[in-house]
Each structure stands twice: as structure tokens, then as C-alpha cells.
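Biologist: Let's go through this structure together. I want the reasoning behind each label.

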Amino acid sequence: MSGGTVRSLGKGSAPPGPVPEGLIRVYSMRFCPFAKRTLLVLTAKGIRHEVININLKNKPEWFFKKNPLGLVPVLETSLGQLICESAITCEYLDEAYPGKKLWPSDPYEKACQRMIFESFSKVPSLMVSFLRMQNKEDCSGLKEELHKEFSKLEEVLTNKKTTFFGGSSLSMIDYLIWPWFEWLEALELNEYLEHTPNLKLWMASMKKDPTVSSLPTDVKTLQGFFNLYMQNSPEACDYGL
Amino acid sequence: MTDDATRTLGKGSIPPGPVPEGVIRLYSMRFCPYAHRTRLVLRAKGIRHEVININLRNKPEWYFTKHPFGQIPVLENSKCQLIYESVIACEYLDDAYPGRKLYPYDPYERARQKMLLELFYKVPHLTKECLVALRCGRDCTDLKLALRQEFCNLEEILGYQNTVFFGGDCISMIDYLFWPWFERLDVYGIADCVNHTPTLRLWIAAMKQDPTVCSLLTDKNTFLGFLNLYFQNNPAAFDYGLSC
């Protein structure tokens with residue numbers, strides 16, 4: 001159900017049929033951190049879903065009808081409605097489906113989580129830059145920037161005096177930022193957590209969450225994916241299957 | 001005269017006191033498009049508010065306790081809670097206050113408005129770059145071309161939807177979030193960028209008929225006066241047009 005073993009669809013593949021009633025479909029890729037956000041929310045809320053993995057190095061022509069930019073994640077409902085952009089998909093799922101709300105109901109608390117999300121916004125591109133630079137030039141400048149961003153997050157936790165970014169229990173903001181922390185070990189950046197003890201504790205608590213632990217990312221497999229992806233290999237997205 | 005027609009506070013000014021109950025405070029600047037979004041939402045929802053204008057070239061020291069980088073807009077309520085980033089502030093107001101909802105209730109329609117906002121992200125930067133280029137006597141052909149392309153994308157959306165406004169047949173949040181930059185096209189000298197987008201021009205005309213938009217329209221000469229002083233780096237720019 002998590003799409004962990006489904007081979008990706010590439011150029012020349014037949015477009016999938018309509019989404020059956022009672023299900024929602026997510027177009028994803030096993031190693032995409034943005035799509036991981038959506039999978040975390042689907043799992044946390046117990047939403048029945050199906051996953052279609054897309055070969056991002058060899059995109060099917062039909063996928064551009066789902067998202068003109070050809071990016072994952074994309075949600076498709078049984079009514080044919082399409083929702084793009086990971087943060088928007090997560091918010092949609094929280095609003096459209098019953099059960100545990102991941103966004104807080106208090107407008108100010110929700111605004112706080114969104115402000116934290118804004119302050120996190122530099123991290124994804126920094127991590128990708130770091131990935132691209134590995135083994136090449138000196139990346140001390142990048143490391144400095146990453147350290148700055150982590151310190152900002154550390155400050156939030158220190159001021160709030162809570163385990164999670166939204167309070168004493170896990171909520172939307174934690175899931176939204178989590179996927180990039182899974183990359184830390186694979187990119188050998190764990191040393192940065194030595195200066196951010198609260199962030200380190202947060203990571204440990206996240207790993208114990210049933211939703212997070214049901215969708216683990218194996219370090220070796222991720223590293224294998226990185227290698228192939230950086231070489232633009234069409235095999236990258238299915239690495240480890 | 002709008003309710004924000006007050007002189008800016010600058011360096012050395014006394015920090016304002018706490019926000020009275022029943023009122024929300026907006027730290028703003030009369031000509032800032034991002035703050036304009038928040039003023040539109042406050043007005044559209046009829047929310048009792050007070051405005052404190054900040055001199056952005058001469059920021060008060062105390063203002064950095066409201067925003068780490070001294071940016072506007074920032075909302076402050078009577079519980080001393082601070083909310084910044086214009087889009088977050090607008091959503092907060094819609095969630096926290098009763099009455100007319102500006103975002104749709106339907107989760108999919110709401111998601112659609114958020115996706116539309118993503119489509120708009122290049123417009124603020126491009127309009128500003130055009131303004132700066134024109135003011136500095138530089139060529140901005142490429143910039144205007146890029147801006148026209150963005151407007152074509154928006155034109156396509158309106159055409160496909162066959163609605164007057166971006167959210168449907170009534171004005172809603174997304175229209176207010178876009179509006180400030182369209183109001184500035186003329187005074188920035190780039191009104192011709194909508195020459196090839198007739199549906200977008202119809203939207204602009206419809207927006208100008210909205211009571212909220214109307215009530216906050218800035219007089220062109222006042223805006224030009226601000227721009228002239230702003231580009232001379234004159235800190236008096238922000239108070240241009242206010243009687244002493």
C-alpha cells in the first residue's frame with residue numbers, strides 16, 4: 001500500500017484508468033521527499049489510497065496531463081480532480097478526510113506551523129545542492145548555510161520547550177519537514193545535529209512514530225538511488241526493487 | 001482617505017503599547033503590495049483593526065521584536081500573538097474571524113486557489129524588476145516579455161474556467177491575493193503588459209468595481225509621488241501625500 005515495491009511507469013506506458021471510488025491515488029516516486037510528505041499524511045490519517053510511481057528520468061507522456069510540470073506528488077480523486085504541490089496535497093487530505101486532524105484547529109497555532117514551514121523553505125534546495133556537490137568542490141559554504149537553517153529550527157524547539165514542532169504530539173509541520181531529515185544519514189551530515197540537541201531528540205521521537213516507522217527509508221538504498229539519479233539513469237527510481 | 005493614512009514610525013520612535021482587546025493591529029506601509037493584501041482581507045471581512053505604518057528605510061529598533069528581519073506586513077493581536085508572511089496573515093484572518101469566508105469551504109476548491117497562488121509566484125518579482133529597470137533608464141524588454149507570459153498563463157486559466165473571477169463568479173481570497181500587483185501596473189508604467197490578455201483586463205475591470213478594492217485604491221499621483229522619493233532614497237517617501 002505504501003508503494004514501496006511498485007515499479008515506476010515510464011515513457012510508452014499505458015495511462016492508468018480512472019481512480020476507483022473509495023480510493024484516492026497518489027502519483028509518487030519512492031525516493032522523492034516531497035511525495036513522502038503526502039504518503040506520511042495518507043498513512044497517518046488511515047486514508048485508503050493507491051500509489052503509482054513515476055519514472056522521473058523517463059516520464060510517461062500521459063503524466064503531463066496530470067501535472068503540466070511533470071512533478072510528483074499529484075493526487076487524483078475518483079472524480080478526476082487533480083491536486084499538485086506537496087504542501088497543498090497534505091492540506092487537502094487533512095481537510096477532505098475525517099479522523100485525526102493534523103493541522104491544529106486553533107487559527108494562531110496553525111499560522112505558527114505555517115510560519116515554521118516558511119522558515120524551513122531553504123532546506124530542500126540546500127540538501128539537493130549538497131547532493132550535487134558531493135566529492136566535488138569544497139562544500140564548507142553549503143555546510144555553513146545548512147547549519148544556520150538547523151539552528152533556526154533548534155531555536156523554535158528551544159523556545160517552545162516541546163518535543164515536536166507543533167507541541168507535545170506530532171502534527172502536520174513535523175510530517176512536512178521530516179523527509180529531509182531522513183536524507184541526513186545518507187548524505188553523511190549527521191554531525192550537524194551535534195550542535196542542535198533538541199533537533200536530535202526530535203528526530204529520535206519521529207523515528208518512534210508508527211506512521212514514520214511504517215514508511216522507512218533504508219540508507220543504503222537511498223545512497224544507491226542518489227548515485228544513479230545524479231548520473232541521470234532511468235534505473236534510479238526503481239533502485240532496490 | 002483610508003484608515004491607514006497615518007505617519008510612519010521610524011528610528012527613535014516609542015514602541016506602541018499593547019493591542020487593545022477587540023482590535024487587531026497591522027504593521028504596514030501604505031504603498032507595500034504585500035501589506036495591501038492583508039488590508040484588503042481586513043476590509044473585506046469587516047475586521048476592526050488599527051494600522052501602524054513603518055518607515056522601511058529607517059526602521060524603529062523596537063520593530064525587530066515584531067519581525068526578525070523588520071519586514072511587513074505583521075499582524076499583532078491583543079494576546080501579543082504575531083503573525084507574518086502576507087499569505088499566512090490573510091489565511092489567519094479568514095480562519096480566526098467570523099462572517100464572510102474568503103477561501104471556499106470545499107477542500108478541493110480551496111486547494112485549487114492555493115495551486116493558483118503557486119502559478120502567480122513570479123509576478124511580484126517581475127513587476128518590481130520592471131519598475132526598477134524603467135526608473136533606472138534600463139531596457140526591460142525581456143522582463144516585460146516574461147511578465148506577459150505569466151499574464152498569458154493567468155488568461156488561460158480564466159478562459160478555461162469561464163468565470164469572471166479566479167475563484168468563480170464571486171470575488172474570493174485568490175483575487176485579493178493577486179490584486180495589489182495589478183493595481184500597480186499603470187503607475188509602474190507597465191500597463192501595456194495586459195494588452196494581449198482581454199479576459200484578464202475584464203477581471204481587472206470587475207475588481208475595480210468591488211467595494212473593498214475601491215475603498216483601498218491609492219490615488220495615482222500620490223503613488224507617483226511616493227515612487228519619485230523612494231527612488232531618490234528619501235525616507236520621507238513613505239509619508240508622501242499625508243497632510244502634516
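Biologist: How many salt bridges count between domain 1 of chain B and domain 2 of chain B?

Modeller: Three. Keep in mind that this is a predicted model.

Biologist: What makes the meeting of B:Arg110 and B:Asp95 a salt bridge?

Modeller: The side chains come to 3.9 Å, N to O. The cut-off is within 4 Å, for a side-chain nitrogen of Lys or Arg and a carboxyl oxygen of Asp or Glu. So B:Arg110 and B:Asp95 qualify.

Biologist: What area do domain 1 of chain B and domain 2 of chain B bury between them?

Modeller: About 1,800 Å², with 66% of it on carbon and sulfur atoms. On the domain 1 side of chain B, the residues that lose the most area are B:Pro33, B:Arg37 and B:Phe231. Together they make up 29% of what that side buries.

Biologist: Why are α7(A) and α8(A) called roughly perpendicular?

Modeller: They pack at an angle of about 100 degrees, with axes 11 Å apart. Roughly perpendicular covers 65 to 115 degrees. The angle falls in that range, so the label fits.

Biologist: Which residue classes make up that contact of α7(A) with α8(A)?

Modeller: Nine nonpolar, no polar and three charged residues. Among them are A:Trp178 and A:Phe181 in α7(A), and A:Trp202 in α8(A).

Biologist: Why are α1(A) and α3(A) called roughly parallel?

Modeller: Their axes cross at roughly 10 degrees and come within 8 Å. Angles under 35 degrees count as roughly parallel. The pair is therefore roughly parallel. Their contact has five nonpolar, three polar and one charged residue.

Key. Residues are numbered from 1 along each chain as its sequence is written. Chains are lettered from A and ligands numbered from 1 in the order in which they are written. This is a predicted model: local features need pLDDT of at least 70, side-chain atom pairs count only at pLDDT 80 or more; totals for chains, interfaces and linings use all residues. Side-chain values use heavy atoms; hydrogens and water are left out. Axes are lines fitted to C-alpha atoms, for helices over the stretch in contact, and angles run from 0 to 180 degrees between N-to-C directions. Helices (H or I, at least four residues) and strands (E, at least two) are DSSP runs, numbered from the N terminus. Angles under 35 degrees count as roughly parallel, over 145 as roughly antiparallel, 65 to 115 as roughly perpendicular and the rest as oblique. Contact means heavy atoms within 4.5 Å. Ala, Val, Leu, Ile, Met, Phe, Trp, Tyr, Cys and Pro count as nonpolar, Asp, Glu, Lys and Arg as charged, and the others, Gly among them, as polar. Buried area is the accessible area (1.4 Å probe) that two parts lose on being put together, summed over both.
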